[in-house]
Each structure stands twice: as C-alpha cells, then as structure tokens.
Amino acid sequence: MTSLSSFLNSENVSPNLASIFEAIHKASVTVQNEVSRAGLGADIFGAKGSENIQGEQQQKLDVYADECFIREFRLCGSVAGMASEEQDHALQFDESLTGEYVVMIDPLDGSSNIDVNVAIGTIFAIYKRLTPAGENLSDKDFLQAGIHQVASGYVTYSVSTQLVFSTGNGTHMFTLNPEDRDYYLYKKSVSFPEDGKVYSINEVNLDDFNPELKAYAQHCKDKRGENGKRKYTGRYIGSLVADFHRNLLKGGIYVYPATTDSPKGKLRLLYECNPMSFLAKNAGGRGSDGLQDILEIKPTELHQRCPFYVGSPIMMDEALGNL
Ligand code: AHG
Ligand code: MN
Ligand code: MN
C-alpha cells in the first residue's frame with residue numbers, strides 16, 4: 001500500500017506543497033471523526049443560526065470544518081493566506097508572511113445533506129502567492145485564473161473517506177484507513193470515461209435553462225442506445241463533490257446553469273468550479289461555464305459565482321453543442 005506521503009515523495013512534490021497536503025490530511029481526519037459521530041454526544045446536526053456573506057444559512061458542520069482547516073493551514077507554515085466560503089474576506093496568516101502558497105476552500109460542500117446522512121465533502125485549490133514573501137497579501141494573490149492552480153482536490157466523507165487530488169500530473173484517489181488514519185493510494189491517474197450514461201442536473205430549474213441546455217436535457221431523455229433502451233439516466237445528489245466523484249468513475253456530466261434564483265449560476269468559481277475543473281482536466285475531462293473554459297476566467301471577486309458544466313468529454317461536447 002502506498003501512503004499519501006510516500007506517493008507525494010515519489011512524485012517529487014516539493015516539501016512545502018507536501019506540508020499543505022499534510023494539513024489537509026489532518027483537518028479532514030478531524031472532520032471525518034466528527035461526521036462519523038453525527039447524532040452521538042455533542043450534536044453537530046443542524047443550523048448554526050448564522051449566515052455567511054452569500055446569505056446562506058451556516059450549518060454547525062460548515063463552521064466546524066472551516067475552523068479545522070483554518071487551524072491546520074495556519075500551523076503548516078507554507079500557507080500565507082486562505083479564502084473560504086465561510087469567511088467574508090481572505091485571511092492572512094501573520095506568522096507566515098513567508099508562506100509560499102495561498103489556498104481557496106469550500107470546507108463543507110453539500111451542507112443540505114449533512115442532516116440526512118448523505119455524502120458531503122471538502123474542496124480545495126492551491127496557488128503560488130504572487131506578492132513577494134514578507135509583504136502583505138493582496139487581491140492579486142487570491143484572484144488568479146484557475147489555469148494557475150498548482151494543485152487542487154477534494155475529500156469525500158461517505159461510504160469511505162477519500163481524498164482525490166491533482167498536482168498537475170494526473171488525478172489520483174486515496175482512501176483513508178480508519179485503523180491508522182493515513183490515506184493510501186486507491187487509483188492512480190483516473191480518467192473520465194470518454195462517454196457516460198449519467199446526467200446530473202437539478203431539473204426543478206428546467207424552465208430557466210437557455211434553449212441549448214433545454215434541448216440537451218430533452219436529448220438526454222429521448223436518446224436510445226443500440227438495444228432500444230434509454231442511453232442516459234439522471235442522478236443528482238446535491239453535493240457537487242459526490243456528483244462529480246460518481247461521474248469521474250462512471251462517466252457523466254454535471255451541470256449547474258444560471259437560473260432565475262441564481263442568475264450568475266450558484267457555484268463559486270474560486271473554491272468549487274476551478275478546483276473541480278483542474279481535476280477534470282487532469283483526468284481527460286474539462287469544465288466550462290457554457291461559453292469558455294472555466295480555467296481561463298479571470299476572477300474579479302472572492303465569492304464570484306458562475307454557471308458550471310463538467311464531465312466526460314463526449315457528453316461535454318454534446319451539451320455545449322460542439323458535436
Ligand atoms: P455548499 O453546501 O458548499 O453551499 O454547496 C452546495 C452546492 C453544491 O454542492 C450542490 O451541487 C449544489 O449546491 C446544490 O444546489 P441545489 O440544491 O440548488 O440543486
Ligand atoms: Mn459547495
Ligand atoms: Mn460549503
């Protein structure tokens with residue numbers, strides 16, 4: 001079995017970057033421990049009674065996970081600062097003015113699934129800081145286009161806890177061993193199947209889809225395979241991490257378009273769309289906002305939203321009208 005640290009070593013990942021993975025390892029084990037005891041002892045189910053800057057109800061576990069990751073990144077020494085879904089503004093770690101990296105994070109993805117014991121996750125993106133060491137961080141450190149990611153990944157807390165990441169050289173899956181709480185290699189260099197069967201979209205928004213997406217949704221319903229049976233099936237968990245993970249393994253597409261309720265789309269560019277698109281790219285898939293490659297977008301705001309299409313290459317081409 002190949003442990004996370006020996007894998008990073010064999011891939012020649014720098015010690016500073018490896019120390020960020022160690023921080024993610026530690027924080028995710030703490031979150032996993034709390035998730036696995038939901039309903040026992042101190043209750044982590046339910047709302048915290050506060051809202052984040054995006055006007056969303058914070059769940060207790062959103063806040064708990066955020067605190068865990070902030071603590072580990074602060075201690076790690078290689079992280080100069082971070083931006084989180086749950087923090088109004090970017091954080092700078094004073095003691096790390098020399099930190100080489102900045103991290104964007106969705107500490108707890110799929111909050112609406114916490115209380116019903118359905119898969120949830122953590123998503124992260126890592127960039128080199130642009131301001132010189134010793135200077136205060138600025139917007140330019142955090143508002144980098146996704147193409148500049150050094151690494152990205154997610155943790156899924158589900159049947160098992162898995163860490164999926166890329167440092168730009170393939171997308172790899174690790175499973176947490178509950179015995180020694182270390183991550184071990186499960187699949188090296190996973191690829192999106194070229195084509196897939198699954199389309200993941202919240203169809204309650206169908207009336208809001210643009211005509212091309214409406215036509216694609218209809219195509220998925222109508223299309224028959226050679227055996228005369230339907231080619232596609234719908235699966236929508238409501239946790240991006242879980243929907244993406246299934247599609248990566250089985251083949252599929254995930255779409256969250258602009259809607260009346262979320263005119264710019266619902267998902268956040270910096271800590272949802274960019275890291276997932278980087279993983280997709282390193283697994284032979286891609287991410288788009290419907291018009292352009294997600295990774296090419298130059299962000300203007302920390303909590304910027306955008307429409308999001310990600311998945312298997314043939315399904316992406318079909319959905320975007322490139323076939
Ligand atoms: P978060 O819990 O971090 O706010 O993210 C929730 C996101 C994403 O994970 C999921 O795919 C999507 O919201 C679900 O939204 P709908 O309930 O509108 O379908
Ligand atoms: Mn999320
Ligand atoms: Mn979240």
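## Two manganese ions

The manganese ion (ligand 2) and the manganese ion (ligand 3) lie 3.7 Å apart, with Asp106 coordinating both. Donors are N, O and S atoms within 2.8 Å of the metal (3.2 Å for Na, K and Ca), and because water is not among the atoms, sites may look incomplete. This is a predicted model in which local features need pLDDT of at least 70 and side-chain atom pairs count only at pLDDT 80 or more, whereas totals for chains, interfaces and linings use all residues, and side-chain values use heavy atoms, with hydrogens and water left out. Residues are numbered from 1 along each chain as its sequence is written, while chains are lettered from A and ligands numbered from 1 in the order in which they are written.

For the manganese ion (ligand 2), the protein donors are Asp106 (OD), Asp109 (OD) and Glu272 (OE), at 1.9 to 2.1 Å, and their spacing along the chain is D-x2-D-x162-E. The manganese ion (ligand 3) is coordinated at 2.2 Å by Glu85 (OE), Asp106 (OD) and Leu108 (O), donors that follow the spacing E-x20-D-x1-L.

## Burial of the donor residues

Asp106 has a relative accessible area of 0% and is buried, a term that means under 20% relative accessible area, with exposed meaning over 50% and partly exposed in between (1.4 Å probe, protein chains only). Asp109 is likewise buried, and Leu108 counts as buried at 1% relative accessibility.

## The surroundings of ligand 1

Around ligand 1 there are 17 residues, of which Asp109, Asn202, Tyr236, Tyr254 and Tyr256 come nearest; a residue is near a molecule if one of its heavy atoms lies within 4 Å of it. By class, this shell has six nonpolar, five polar and six charged residues. Domain 1 (4-187) and domain 2 (198-319) both give residues to the shell, so ligand 1 lies between them; the domain bounds come from an automatic or database domain assignment.

Polar contacts are pairs of N or O atoms within 3.5 Å. Glu85, which also coordinates the manganese ion (ligand 3), places a polar side-chain atom 3.0 Å from an oxygen atom of ligand 1. A polar backbone atom of Leu240 is 2.9 Å from an oxygen atom of ligand 1, and a polar side-chain atom of Lys266 lies 2.9 Å from an oxygen atom of ligand 1. The protein covers 85% of the 470 Å² of accessible area that ligand 1 has on its own, as given by the Shrake-Rupley method with a 1.4 Å probe.

How values were computed:
Polar contact = N/O pair within 3.5 Å; in protein donor to acceptor, adjacent residues only side chain to side chain. Nonpolar A, V, L, I, M, F, W, Y, C, P; charged D, E, K, R; others polar.
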